[in-house]
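Reader: I am new to this structure and would like to learn how to read it. Where should we begin?

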Amino acid sequence: MIQFQAVHKQFPNGTTAVHDLSLDLPEGGVTVLVGSSGCGKTTTLRMINRMVEPTSGTIRVAGKDVTEQDAAELRRSIGYVIQQAGLFPHRTVLDNIATVPLLLGWGRRKARARAAELLDTVGLTADAGKRYPHQLSGGQQQRVGVARALAADPPVLLMDEPFGAVDPVVRTQLQDELLRLQQELGKTIVFVTHDIDEAVRLGDRIAVFRTGGHLVQCAPPEELLARPADAFVADFLGAERGLKLLSLTGIAALPQGAAPDGGRWELLRDPAGKPLAWRDTDTDTETPVRPLKGTDSLLSALNESVASPTGLIARVDEDGVLTGVTDRDTIHDHANRLHVTASRDTLAADDADTLAADDADAPAAAVAVEAVEAVEATKGGGPA
Amino acid sequence: MYELLVDLGGWLTGPEQWSGSDGIGVRLLEHLQYSALATVVAAAIALPIGLLIGHTGRGAFLAINLSSFGRALPTVGLVVLVFLASGLSMTPVYVALVALAVPAIVTNTYAGMAAVDRDVKDAARGQGMRWHQVLFQVELPLALPLIMTGLRLALIQVVATATIAAYVSFGGLGRYVFDGLAQRDLVQVLGGAVLVAVLAVALDLLLAGAQRLLFRHRAPATA
């Protein structure tokens, strides 16, 4: 869908923003570009809609070289969301959203009708459409930014740190909304962030950039966390890389046993069989339980097992009916095995220097042989 | 002093002063006509310059410095200079008034354009607006409050300075000032000066009110 072929960008002041980038972003799905500031991720994004022109190399969107298209028309066919939203302060929210349809000549009535529809899509009330951007909260403004980008239903959406300026609670909400929207719309999204947690949450693929515009690795989050290409990636993923990996792994495969019967602890259930609380028969006190489904993560299982007075987590099916329990040791073993596999793979990859060649998604992945550092970074994050 | 004020009051309110071909009414209209024409011509010159340097971000240094230079020119000197070159006509007066008004309009237009949020301009371009669409649909409307302020400033300065038309024997409220000086009629000089001042202040208030009404939707930060 979007192809970078040997793309190079050097700014007039001599700094190289993007260095020999070759990368294929398949249709559909979210690709997150991450890296510290100055790593060329935003420049890479902005070259897709020609907000920045490459120095050399070719970028194709849907097979067509972007530099051979009229820049304004190209941009109208690609959704673009930026940090701070960049809304037009002199236009109402509705007219902001209608921007691209109006540029495309849909006519005011049709453009506004489409904009009104989108207010609902991004979770804003019809009333918000009549307001001006400064009358909305930061999170609401960001929603308007997303609605504006979606207005002409472009197949590609570029998002440049769109949630960077809102508080953590709102940010999580917006991330959830985006995931929900994406499930509905199935756009090809390129998303820039410096927040690795955001990348892991949103990305179907994550491309990690290093200062100087080098792409180091591009892989699905599970693979990235399990097998970082080199010490730089491992370091960037952070000491809690192992935990992040646990957060992406479901617990469906974990064995479960029957709930304890007749001991000190009793698992209270409602008539439908939904677990409610642990009852301590010695003291006659109750501790509420948070039952987990197969799609819940190993990390939440670990968390629940620590919180549970029995060390057991209650497992339920899709309808919330109890299916069994899993004990702390099983969860711990599983987590530990995942963790160890991940660090061993890192070591193997660094030793053999083969990951880059094996991994079709990571061309130009420079593998620095700093295996010891990488493993140490992993060890530091292990659950003690 | 008191006596002077009473005379001034009498002069300003005397019905004979307000009628006739050299009455205050006619002089006021002449004055407004000179001022309006000079401001319109100045705007026609200064607005495109200010918008262009504001949009491109280029030539700002040169334009701002030329404007400061223009502002420092002595107006009466300019009138005399052009008068010597072109002979007796309204041209020297208009040249001087336009030269006075251009800097205020250029600098304010540029300041208004420069104050438009970079993110907003970036978003406008990123949504697929062409340069003229960015300029006329986004930058110009956002810069408008400051551009209006520039026009207001220019108009006030021109109104106050248009008295020099009388210096080269034309009309306007300056007539009273220069005639009064020639006739050593202090009341008439004062009367002319007061009329000019009142006209300037009234116009300023009127435009400020219009501006407030026009931009009442704006966020405080951008207005």
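Author: Begin with the make-up of one stretch. This is a predicted model. Over residues 2-237 of chain A, 38% of the chain is helix and 26% is strand. The C-alpha atoms at the two ends of that stretch are 25 Å apart.

Reader: Which feature does UniProt place at residues 2-237 of chain A?

Author: The unreviewed UniProt entry gives "domain: ABC transporter" for those residues.

Reader: How do I read a sheet, for example the one with β11, β12 and β13 of chain A?

Author: Look at the strand order and the sense of pairing. Here the sheet is open, its three strands run in the order β11-β12-β13 (chain A), and the pairing is antiparallel. β11 (265-269) and β13 (285-288) of chain A each have a single partner strand and stand at the edges, so one side of each has no neighbour in the sheet. On average, neighbouring strands of this sheet are turned by 30° against each other, direction ignored.

Reader: How many bridges join β11(A) and β12 of chain A?

Author: Five bridges, in the antiparallel sense, join β11(A) to β12 (residues 275-280) of chain A. As for single residues, Leu268(A) has Ala277(A) in β12(A) as its bridge partner.

Reader: And how do I read a contact between chains?

Author: The size of an interface is often given as the accessible area lost when the parts come together. Another way is to list residues: this contact takes 18 residues from chain A and 16 residues from chain B.

Reader: Which elements give two or more residues to the chain B side?

Author: They are α7 (118-126) and α8 (131-161) of chain B. α7(B) gives the most, with six residues. By type, the chain B side divides into seven nonpolar, five polar and four charged residues.

Definitions and conventions
Residues numbered from 1 in each chain as written. Chains lettered and ligands numbered in written order. Predicted model: local features only at pLDDT ≥ 70, side-chain atom pairs only at ≥ 80, totals over all residues. Contact = placed C-beta atoms within 7 Å. Helix = DSSP H or I, 4+ residues; strand = E, 2+ residues; numbered from the N terminus. Nonpolar A, V, L, I, M, F, W, Y, C, P; charged D, E, K, R; others polar. UniProt positions renumbered as here; feature names shortened; annotations may be inferred. Pairing = 2+ DSSP bridges. Axes fitted to C-alpha atoms, helices over the stretch in contact; angles between N-to-C directions.
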